[in-house]
2 protein chains.
Amino acid sequence: MDGIIMNRLPRIVILGAGYGGIVTAIRLQKELNYNEADVTLVNKHDYHYITTNLHMPAAGTDDPKNARINILNIIDEFKIVFVKATVKEIRPHERKIVLDEGVLSYDYLVIGLGGEPETFGIPGMKEYAMHIRSLNSVNLIREHIEYQFAKFKQEPYRREYLTFVVGGAGFTGIEFVAELAERIPKLCKQFDVDPSWTKIYSIEAAPSILPGFDQELVEYARKTLEDNGVEFIVGTPIKECYQDGVVLATGEEIKTTTVVWTGGIRGNSLLEKAGFDVVRGRVQVDPYLRVPGHDNIYVVGDCSIVMNAEGKPYPPTAQIAMQQGISVAHNLVATIRNEGLREFKFESKGTVASLGKRNAIAIVGNRKLKGYKASLLKKLIDIRYLYMIGGIPLVIRKARF
Amino acid sequence: MDGIIMNRLPRIVILGAGYGGIVTAIRLQKELNYNEADVTLVNKHDYHYITTNLHMPAAGTDDPKNARINILNIIDEFKIVFVKATVKEIRPHERKIVLDEGVLSYDYLVIGLGGEPETFGIPGMKEYAMHIRSLNSVNLIREHIEYQFAKFKQEPYRREYLTFVVGGAGFTGIEFVAELAERIPKLCKQFDVDPSWTKIYSIEAAPSILPGFDQELVEYARKTLEDNGVEFIVGTPIKECYQDGVVLATGEEIKTTTVVWTGGIRGNSLLEKAGFDVVRGRVQVDPYLRVPGHDNIYVVGDCSIVMNAEGKPYPPTAQIAMQQGISVAHNLVATIRNEGLREFKFESKGTVASLGKRNAIAIVGNRKLKGYKASLLKKLIDIRYLYMIGGIPLVIRKARF
């Protein structure tokens, strides 16, 4: 009996094929020998998407296909079993995962289920705002925006169809608003609408856009976007969102049929339901990225909290999720081979925020970049990532030069 | 005083740049010498559109630009003054036209204001159905349909987002439903939707689709479209239309968020308000296409009724509107030159109904055509029309070969 158990391969289950999950899978596939472990990757869709580029198909400035990568094109099915399913429940004590159809057992679990929009209890924000979080959700935003133009042509007295409110001016909010500023004039042309009738608002509760970012670059971003027609309202929380508009903390009302909320993200609610200690749905992991008290469960990406040297959490980004994936894969292989674990250390390689197709701001080490050069850097980062998960063939298929 | 009046050029005002109006204008421009008359063309938009092709941009199978022709590209501004304005009122006794901004006087008037959807008092049809009648309205239909797919991906339990109801199976209804049958599978692919979840209904009150058309060709059309997934419900009026569906006369209910009504057309309501005798908004014109009792007012296109030899009205088509435009232009020139008028005689050159991009049915004289050949005939008719109103340059710019 013991013999049979000893011979069974350790089962690794990865939940979610976002940045953290897919990098874990790809690295396991590379580092594990055949028959060293059973690896199963579970994801709701049969594709991975490049979340950091979703602001483009959301605005309609890029084809959603460019942000989409078929999982079976990048994993080796001899090494990793892919299951297209939705996770319903994590049962850490039984070491089981309940899917919409069926149940999986695991010895080691990697949770990379991604985030959910955090609306901070703002009334109506859940019901009436849209969110940039998946290909489906950005397709909705894009179609919704085009539809508002078509509806305006039927009811030209309703200017609220041409007013677009983006709540939150962090990275996602700013990148999206920049694409909108490029897209709206084209939609005006397509639908014969006077561009001066349109309004794009970026609304931020913090006193500045891109809170925490370099002040000089923030000023550049703000000026660039204002020149392109974006109106900023900072230091002003949204108090309420309803079917035809938003109310600001100042009492001011903006009539609009389009609100996109980018103001916050929290962890997946399944983690709290699994009995883990969470803060806004996220687990503060141990130095090896494991759930405290569960040495066989790793958490990567938006569901995890990693503290920096000053004891403040790193913001959830694609960059940190990818580095977490590399670390988790390394430690899983080490565990299986009875080797020592390595602590996770985040190494910032820099930060880029795009401001439309040919403009961006970036910090790399101590260097500040802005304009076209910074936008090339963003493309390079994309290419590097494609290469990492899919090698040259994926770069050729998906990179935009 | 008399001398001054004698020297004033006769003022011709053409209302509407649809088939009837634009052909009247183009023919006047060709036949009139400089300084023989003041001709003014009034239209709501600064473009003419090829109504017989609107079923394609409505379904999203063709770019709306292809159906759009800038009026200033085809008229000679030395001969015709173009005024972009909406007609608010026709005052036949004062010989004045009230526009949204300003007033025009005329000596001779040509009314080509087009039709309005006739919903036969079906409750909810005006409020909840869309109509194929202008570029703006077909843009709305197209964006609406795409939006339903995006919404379905957010609420995948709501199958009514994927159900499309076309009310009326006359020429417009059938041509549109054929394009939809080509378009829907592509949208399924784009949005990752199982095509078997979609439904396209064509609902007709008459006992057959394409009422009055050749039986053999009707059978061919029906079979072709059924093979492409269209479900026909004939001999069954729609009793009611509401936000989430339609109720048929049988009591059966179809849940849908998309209803396009092609079941009827009536004349522009301004004609009745002008004090003319109308039947469903249309004026039964005299043999010269004039309003009875108003020898200086001509009516062309959907606002006019012309009886055939059996005393039944010809159906309102692009073909008859164009022939009316030619006749009116001829008679206006004759009037100005004190020559005799010519009675209008409609000469049918045949009928084509497209069944998607590469298929159609047609009757030309006694010959029946179906399939690819008939679809080429439709293209030829398009080209002939483009040539007629804009010569070779327009054919080169707009014809699709």
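Okay, Arg290 of chain A: at 12% relative accessibility, it counts as buried. This is a predicted model, by the way, so keep that in mind throughout. Arg290(A) makes a salt bridge with Asp295(A), and the closest N and O atoms there are 3.9 Å apart. The partner sits in another class, because Asp295(A) has 51% relative accessibility and counts as exposed. The cut-offs are under 20% for buried and over 50% for exposed.

Stay in that stretch for a second and look at Leu289(A). It has a positive phi, about 75°, and it is not a glycine. Where is Leu289(A)? In the loop between β20 (283-284) and β21 (290-291) of chain A. With a relative accessible area of 1%, Leu289(A) is buried.

There's another one of these on chain B. Asp192(B) is also not a glycine, and its phi is positive at about 55°. You'll find Asp192(B) in the loop between α7 (171-191) and β13 (199-203) of chain B. Its relative accessible area is 32%, so Asp192(B) is partly exposed.

Back to charges. Side chains of opposite charge can pair when their charged atoms come close. Over all chains, the count comes to 52 salt bridges, and I'll just pick out a few.

Take helix α2 of chain A, residues 19-31. Arg27(A) forms a salt bridge with Glu31(A), with 3.7 Å between the closest N and O atoms. The two are four residues apart in that helix, so about one helical turn separates them. How accessible is each end? Arg27(A) is partly exposed, with a relative accessible area of 23%, and Glu31(A) is partly exposed too, at 26%.

Now a pair on chain B. Arg158(B) bridges to Asp244(B), closest N and O atoms 3.8 Å apart. What does this pair link? Distant parts of the chain, 86 residues apart. Arg158(B) is in the loop between α6 (135-154) and β12 (163-167) of chain B, while Asp244(B) is in the loop between β15 (238-242) and β16 (245-248) of chain B. As for accessibility, Asp244(B) is partly exposed at 25%.

If you flip over to chain A, have a look at residues 158 and 244 there. Arg158(A) and Asp244(A) belong to a network of salt bridges that also takes in Glu155(A) and Glu160(A).

Okay, helix α6 of chain B. Leu135(B) is in that helix, and at 3% relative accessibility it counts as buried. What does Leu135(B) touch, leaving aside its neighbours within four places in sequence? The contacts are Tyr47(B), Tyr49(B), Leu54(B), Pro64(B), Ala67(B) and Arg68(B). On that last one, Leu135(B) and Arg68(B) are 67 residues apart along the chain, with their C-alpha atoms separated by 7.9 Å.

Next up is helix α11, and I'll do both chains. In chain B, Asp382(B) is in α11, residues 372-398. Buried or exposed? Buried, with a relative accessible area of 18%, which falls under the 20% cut-off. Again leaving aside neighbours within four places in sequence, Asp382(B) is in contact with Thr52(B), Asn53(B) and Arg400(B). Asp382(B) and Arg400(B) are 18 residues apart in sequence, and C-alpha to C-alpha they are 8.9 Å apart in space.

In chain A, α11 (residues 372-398) holds Tyr387(A). Tyr387(A) counts as partly exposed at 49% relative accessibility. Together with Ile392(A) and Ile396(A), Tyr387(A) forms a nonpolar patch on the surface, about 350 Å² of accessible area between the three.

Zooming out, a word on annotation. The UniProt entry, which is unreviewed, places "domain: FAD/NAD(P)-binding" at residues 11-325 of chain A. That span is 30% helix and 28% strand, and its end C-alpha atoms lie 17 Å apart.

Last thing: how do the two chains relate? In general, two copies of a chain are related by a rotation about an axis and a shift along it. Here, a turn of 180° and a shift of 0.0 Å along the axis lay chain A on chain B with an RMSD of 0.0 Å. That is the relation of a two-fold axis. And which surface do the copies use? They meet through the same surface, because 100% of the interface residues of chain A are also interface residues in chain B.

That's what I had, so over to you.

Conventions
Residues numbered from 1 in each chain as written. Chains lettered and ligands numbered in written order. Predicted model: local features only at pLDDT ≥ 70, side-chain atom pairs only at ≥ 80, totals over all residues. Heavy atoms only, no water. UniProt positions renumbered as here; feature names shortened; annotations may be inferred. Patch = residues over 30% accessible without salt bridge, like charges linked within 9 Å, V, L, I, M, F, W, Y side chains within 5 Å. Areas by Shrake-Rupley, 256 points an atom, 1.4 Å probe, with all protein chains shown as cover. Salt bridge = Lys/Arg side-chain N within 4 Å of Asp/Glu carboxyl O. Buried < 20%, exposed > 50% of the residue type's maximum accessible area, 1.4 Å probe, protein only. Least-squares fit on C-alpha atoms with pLDDT ≥ 70 in both. Contact = heavy atoms within 4.5 Å.
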